[in-house]
Amino acid sequence: MTLSADRVSRAADGRPILDRVGLTPPAGAMTGLLGPNGSGKSTLLRILSGVLAPSSGVVTLDGHPLADLRRRDVARRVAVVEQQADTLVELTVIDVVRLGRIPHRRPWTPPGPPDERAVRNALQRTGLADRAGQPWHTLSGGERQRVHVARALAQEPRELLLDEPTNHLDIQHQHDLLHLVRGLAVTAVVALHDLNLAAMYCDHLVVLRQGRVVATGVPREVLTEALIADVYGVRAEVTHPDADGRPHIRVLGTLERRAEA
């Protein structure tokens, strides 16, 4: 068992953000969370992590309501990589990655050998081993994003939530990162805007529109020309050039949006 959201809703200033959303990512697989800006992807990830509480519905971890579990216990299982994360404290790269070990240590105790092994392994896997001693504030936006992925890996989670992790990354590092996440022995939920990256790397997709789930399934079933037109308002050509049937999307132009009822 793993994370699951059952009929989760959330509102802000009287406006619905999520409306009875259900999500049970397949254990050990990579689930892509898709949808246009404002569809509720970031809010759903924050609810899955326990940072936000749903207005109604429930999130469970191994069948237990998340709200009933200690935050420390959740943090040992669930790691989060947010869109933007910064610090005003003067830290080095390795200092930031070490933050991922806090849930595994007793308060006020220094890192032990298992912690340092996890940190060094995370730096190596994200290609940051040679940047360990570099000050955090000297890094580019893309490099900072990779450091936060390393911090999450150092946490050694079983569930990994990533909110648009390819933002600020060049093409090579986008593919490197998603290839890395796909190869991890974790249940991953990744919010993405790039449909081709989602088709290439995700095992399962969930599409949100205006806070509601409008499609779920494997990429070849979900990413159709009709769905892309309806959800994103663009005309696209969808082909399946790969042997495994994963689709490739080529956007041809925008569609005139009909007024919402």
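The exercises below, each with a worked solution, concern a predicted model.

**Exercise 1. The open sheet**

Task: Give the strand order of the open sheet of 4 strands, find its edge strands, and state which helix packs on the sheet.

Solution:
- Step 1. The strands follow the order S2-S1-S4-S5, and their pairing is antiparallel.
- Step 2. Strand S2 (15-23) and strand S5 (64-65) each pair on one side only, which makes them the edge strands.
- Step 3. Helix H1 (residues 41-49) packs on this sheet, with contacts to strand S1 (3-12), S2 and S4. The direction of H1 makes about 60° with that of S2.
- Step 4. At the S5 edge, strand S4 (residues 56-61) is joined to S5 by 2 bridges, and the two run antiparallel. Leucine 61 has histidine 64 in S5 as its bridge partner.

**Exercise 2. The setting of arginine 101**

Task: Locate arginine 101, decide whether arginine 101 is buried or exposed, and identify the side chain with which its own side chain makes a polar contact.

Solution:
- Step 1. Arginine 101 lies in the loop between helix H3 (93-98) and helix H4 (113-125).
- Step 2. The relative accessibility of arginine 101 is 5%. The cut-off for buried is under 20%. Arginine 101 therefore counts as buried.
- Step 3. The side chain of arginine 101 makes a polar contact with that of aspartate 115, at 2.9 Å.
- Step 4. Neighbours within four places in sequence are left aside in listing the contacts of arginine 101, which are Pro114, Asp115, Ala118, Val119, Ala154, Gln155 and Glu156.

**Exercise 3. Strand S8**

Task: Describe how strand S8 (residues 187-191) is covered, which way its residues point, and how S8 pairs with S3 and S7.

Solution:
- Step 1. S8 is mostly covered, with 5 of its 5 residues buried.
- Step 2. In a regular strand, side chains alternate between the two faces of the sheet. In S8, Thr187, Val189 and Ala191 point one way, while Ala188 and Val190 point the other way. Residues of both sets are buried.
- Step 3. Strand S3 (residues 30-34) runs parallel to S8 and is joined to it by 4 bridges. Glycine 32 stands opposite valine 190 in S8.
- Step 4. Strand S7 (residues 159-163) also pairs with S8 in the parallel sense, over 5 bridges. The bridge partner of leucine 160 is alanine 188 in S8.
- Step 5. Together with helix H6 (residues 171-183), S7 and S8 make a β-α-β unit, and this unit is right-handed.

Note on methods: Residues are numbered from 1 along each chain as its sequence is written. This is a predicted model: local features need pLDDT of at least 70, side-chain atom pairs count only at pLDDT 80 or more; totals for chains, interfaces and linings use all residues. Side-chain values use heavy atoms; hydrogens and water are left out. Two strands pair if DSSP finds at least two bridges between them. Contact means heavy atoms within 4.5 Å. Axes are lines fitted to C-alpha atoms, for helices over the stretch in contact, and angles run from 0 to 180 degrees between N-to-C directions. Buried means under 20% relative accessible area, exposed over 50%, partly exposed in between (1.4 Å probe, protein chains only). A polar contact is a pair of N or O atoms within 3.5 Å; within protein, one must be able to donate a hydrogen and the other to accept it, and residues adjacent in sequence count only if both atoms are side-chain atoms. A crossover is right-handed if, with the strands pointing away from the viewer, the path from the first strand over the helix to the second runs clockwise.
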